[in-house]
Structures are given as structure tokens and as C-alpha cells.
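Colleague: Could you walk me through one part of this model up close? I'm after the strands and how they pair up.

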Amino acid sequence: MKKYLLSLFVLILPIFNFAQEATTSEKIDAVFKEYTGWFVDAIFAEIPFGEINEEVTLDLTKEDPFKYNKEVRNDSLFITDVRLPSNRIAKDLQILSDAKIKIIDKNTMVLSKGQLNTYPQIKVMASSPYASIPWVLIVLIGGALFFTIYFKFINITGFRTAVKVVQGKYEDIEKHGADTLYGDSTPNEGEDIIETIRDEGADGEVSHFQALTAALSATVGLGNIAGVAVALSIGGPGATFWMIVAGLLGMASKFAECTLGVKYRDVGEDGTVYGGPMYYLSKGLRSKGMGGFGKVLAVLFAIFVIGGSFGGGNMFQANQAAAQFVKLFDLEGGNAGLYFGLVMAVLVAIVIIGGIKRIAKVTEKIVPFMAGIYVLAAIIILGANFTLIDDAFALIFKGAFSGLGIAGGLVGVMIQGIRRGAFSNEAGVGSAAIAHSAVRTKYPASEGIVALLEPFVDTVVICTMTALVIVITNFDGSFMEYGVEIKEGVEITATAFDSVIPHFSIVLTIAVILFAFSTMISWSYYGMQGWVYLFGKGKASDLAYKILFLIFVVIGASISLGAVIDFSDAMIFAMVVPNIIGVVLLSPIIRNELKKYYKAINVKEEAIEEGADDMNEVL
């Protein structure tokens, strides 16, 4: 332990000088954006549907950010982000008057300062797609719809079973197998996991509850606090309805990918579990005669998950936690973030050195605690304003199907809600399958059933509560104007909570730090699994990754790297492509595993009816 921390300290010493140079941060940001911008644009590229054309009259003598953005560069005036009356940003502009004004890149007008006096007002025809949907979102939601239908609405029919599994109702058959306990004479079915895993106990390192909390710790976080506020700022209250829809559909995606995570995991001689999309893409598709294709998908996923763990799962979290900490205590000086990062890195190091077992032990305490405090505060606020809850839901439902003139109408509101919901719970991304694959069980589908609770808790419960608090406390529009996009949502959510519970923003800041901490330690495990898949298993390989991860904790807390974070987030959502392709192809195998688990449950229940009052009697 001492050698490990000493090597970490030696490696991050150079960051002290590096982090103090504000201009260095800007230079890195610019260079990184230049070389990686194409990847970000490609992953988040939008597919246009339909077209709308509207006339717009721009008064260039006024500053009107609700209609356009104005920027002076040298002797020229650049007009960008022209908004249509329907609040869409124009993608194409045409001058309707005789003004001789240049239009570049289809949606940017350039005037000289002299022309401003000649043409104080300009009439243009602004065009924009009726709706633009990110292709990644289409893949995510398309996959979720497929899994929901293919598995006969498992997100609804499997909910009750999921709660029982987490409570340990079927722990005996998951550890020993229904055939071992009750003499089930089911003949071998080739790959039937009941017959092939040794009888002395199931492989795995953590319980169902620990696996669930480990995965939840990576998804429950800033998206639930800040992301909801951002969604409402763009799409209005109606975005909440579509967030809920995304959460419900995402339950089926989580079930599918986490079942495969357990089915195709590797278990080392020491009991360490290696699992996730890398393994079920390569091993699963090989079993279907597509080994080469599966290997390519697995390698791509491993690269993406490593990049995502360093960025969105690490630097972004450290950066936001540091910013909230510095703001809470009003710390001055350019090194405040650096020192916070060093402390955070040491705390993260203590946890991740122990692997998934220690991560699970920490997250099973932190996640329920911090989520409980946050939900309790939301319940208090909703209880104090219970007479307004029905009005809030009415506004949400009305906005969901009318758009209320916000974010491009109905389709725009739908996109914002589904986008935030899907991105919040990461259903379909494949990341959670890595944590869930470490569970102790003989039945892969048992963990898939548990995993479907994750989007429900993350999106349907926590995100909805956040949205209700914001909508109810903002009925008078005192701190948020719907349709006007905000960049940072934590402050809006803090304002909403503070309006009923004074100074709750302090607690919220602590929650943000804890959310960030739990997200980092879970993503360190995700990234390391990708690292091990590419570079091999062993202490040296593990150590190399963990040291790199901890260095990025300090960097993320110390400097602003907007382009790096954009790139890292793009890598996270790039994981969707190989993952969804593989899971769809392997869906028949998932269905077979579900049948086996349900059969095992039925065998147990029949045994109870026949006289086995205590299930441990047969052990």
C-alpha cells in the first residue's frame, strides 16, 4: 500500500506546475478539439427529419440572445444561431431584402461595421429540420424497444421477481442450482449452466444487491441532479414524461446485456471475475459462427470503455465535484482544485486497490445513503407542496404531447426527455454489464432480472422526483425560463431545493461530491476490465491502469478540459454501437437463459408446496 501511494505521488508531482498554467489548459483544449472533434461530431451527429421554413426579422441594433447571437471579430460582425419563431436554431439562411450581406456555412451572416448602419434590420428566411435526432439515440431507443417486445415486456413482468431476487428469496437455488437442491432431472442441454458449473457453489464475487449498487453508483449522479434541470430548460416540463418512458424501456436493455455479462464471463483461478460486453461479444458471437466479427466488436468496446473511464467516468466527475467544493467553501487561489483532486485521488486509491469486492462494499453503503438523503429531501418538498403535485403532472403530461412551443414542439420535447433519460441510466451502453457480471449465481438471467431495477431507480424514481421539485417550485418562473437552455443544472436544482429547505444546497454539494466519488470508483472497474481484455491479466497490468486512472482524477479536478470531456463522453456512447449489435444477435440465447431461471424458480416453489417449509432444509 505504501509503495503504491508513493509511486502515485511521484507520478503526479509534475501536475503541480502543469495545473497552475491556465493558458496551458486552454491550449490543450484547443489542440485536443482539433484532432478529436471529428469523432465527437460523428458520434453525436443528428439525422434530420422534415423541414420547416419561417420568416425572421432581426434587429441588429439590439442584443437579443433569444433570437440570435452576435459576435464582433476585428471589423466584422458575425450573426449566428438565428432562432425561428418555433424556437429551432436555423440550419440555413436566405436574405429576403436587398441587403448585400455574406452568408457563410449556410447559417452564419457576416457584416462589416459600416453595413450595420445601412441595414439595422434584416429580414431572412430561416430553415431548420422539423426534428433532428442523434443517431446514437435512435440505436439506443430502437434497441430498447426491440428488447421490450422480444422479451414480452420483461420490464413489467419481471419487476416483482427482481425485488424478490434482491431480497435473497432465491439465493439457495442461485448458489447450488435447482437440480442439486431438488433433484431436477432436466437432461443436459448443451450449454445449460445448471449442469456445467461445479456443485460446490456459484462463481462470482459479490451479491445481487452489491452488484446492483455498484452499477447504480456509476449511473446515479450528476445526470439526476444537473441533467434533469438541463432537460427541463430545453424541453420544458413535458421532457419529464419522455424521461420516464426512456427509463421504462431501458429496463429491458439492462436485463438483456447483464444476462449476457454473467453468461459469458471468465473466472480466474483465484475467483476473480472478468466480464462485460468484451467477453459476450467475442465468446457469444463465436458460438454463432461470427468469431471474427465478435472479436472486432469486443476490441472496439474495450477501447471505448477505457477512454470513457478516464474522461466521463473520471475527469468530468472530479471536475464537477471540485467546482462544487470550491464554491461551497468560497476557496480562493488557482490550486484549490488541485489539492481537492489529490485528496480525492487518495480516497479513490484506497477503494479501487481492493477491486470489485471493496468497490461493492463501499457502494452498497454510499449509494443507498446518498440516494436516500436526496430522495428524502425531494419527498419533504413534495409533501409540503402536495396540493400542487397534480398540477405539476398535468403540466408534464400537457407539455409531453403539445410541446408548449418549446424546443421545436412535440418532437423536440420528446427527444430531449428520451435523450436525457437514456443517457442518465446508460441502458444499452453495456457498462453496467461489467459490474453485474461479478455476481454470485448459477443463473445468468437472475442478474439480468436484478439489473432491470437500475433504470427504474435511476430514471423513473430519482429523475422524476427532481423534475417534480423543479416544476413545482418554478410555477411562477422565478428561477428558470423553459425553452432557454442552461449549461449547468446543479445551481438550478439547488435553487429549487433551497426554496423549501433553506441551505439544502450545502447538502446537495456534499451529495454531488459523493455521487462523483461513487461514479469514479465504479468506472475505474469498468475501464480496468477493458484494459485487462486488451493488455492481459496480471498485477502489473492492473497497477498500470489504476495509477493512470488516479492521475486523471487529479488532472480533472485541476484544469478545464472541455474538448477532452466531450471526446470522452463520445467514447462512452460509442460503446452503444458494438454492444447493441451484439446483444440483438444474442437475444435467442438470453431468452433461453430466462426460461431456465423461471423453471428453477418454479421447481423451488413446487418443492415448497410439497412440504419443504425451510429452503435450507435441503442443503
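Modeller: Here's a look at the strands, with one helix at the end. Keep in mind that this is a predicted model, where local features need pLDDT of at least 70, side-chain atom pairs count only at pLDDT 80 or more, and totals for chains, interfaces and linings use all residues. Residues are numbered from 1 along each chain as its sequence is written, and side-chain values use heavy atoms, with hydrogens and water left out.

Let's start with an open sheet of three strands, which runs in the order β2-β8-β5 with antiparallel pairing. Its edge strands are β2 (52-59) and β5 (92-95), and each of them pairs on one side only. On average, neighbouring strands in this sheet are turned by 30° against each other, ignoring direction; the axes behind such angles are lines fitted to C-alpha atoms, for helices over the stretch in contact, and angles run from 0 to 180 degrees between N-to-C directions. Strands here are DSSP runs of E with at least two residues, helices are runs of H or I with at least four, and both are numbered from the N terminus. Two strands count as paired if DSSP finds at least two bridges between them.

Now zoom in on β5: it pairs with β8 (residues 121-128) in the antiparallel sense over four bridges. One spot to find is Ile95, whose bridge partner in β8 is Val124.

Next, strand β1 (residues 46-49) pairs with β9 in the antiparallel sense, again over four bridges. There, Glu46 stands opposite Pro134 of β9. In β9 (residues 131-134), Ala131 and Ile133 point one way while Ser132 and Pro134 point the other, and all are buried, meaning under 20% relative accessible area (exposed is over 50%, partly exposed in between, with a 1.4 Å probe and protein chains only).

Finally, helix α21 (residues 444-451) has eight of its eight residues buried, so it's largely enclosed by the rest of the structure.
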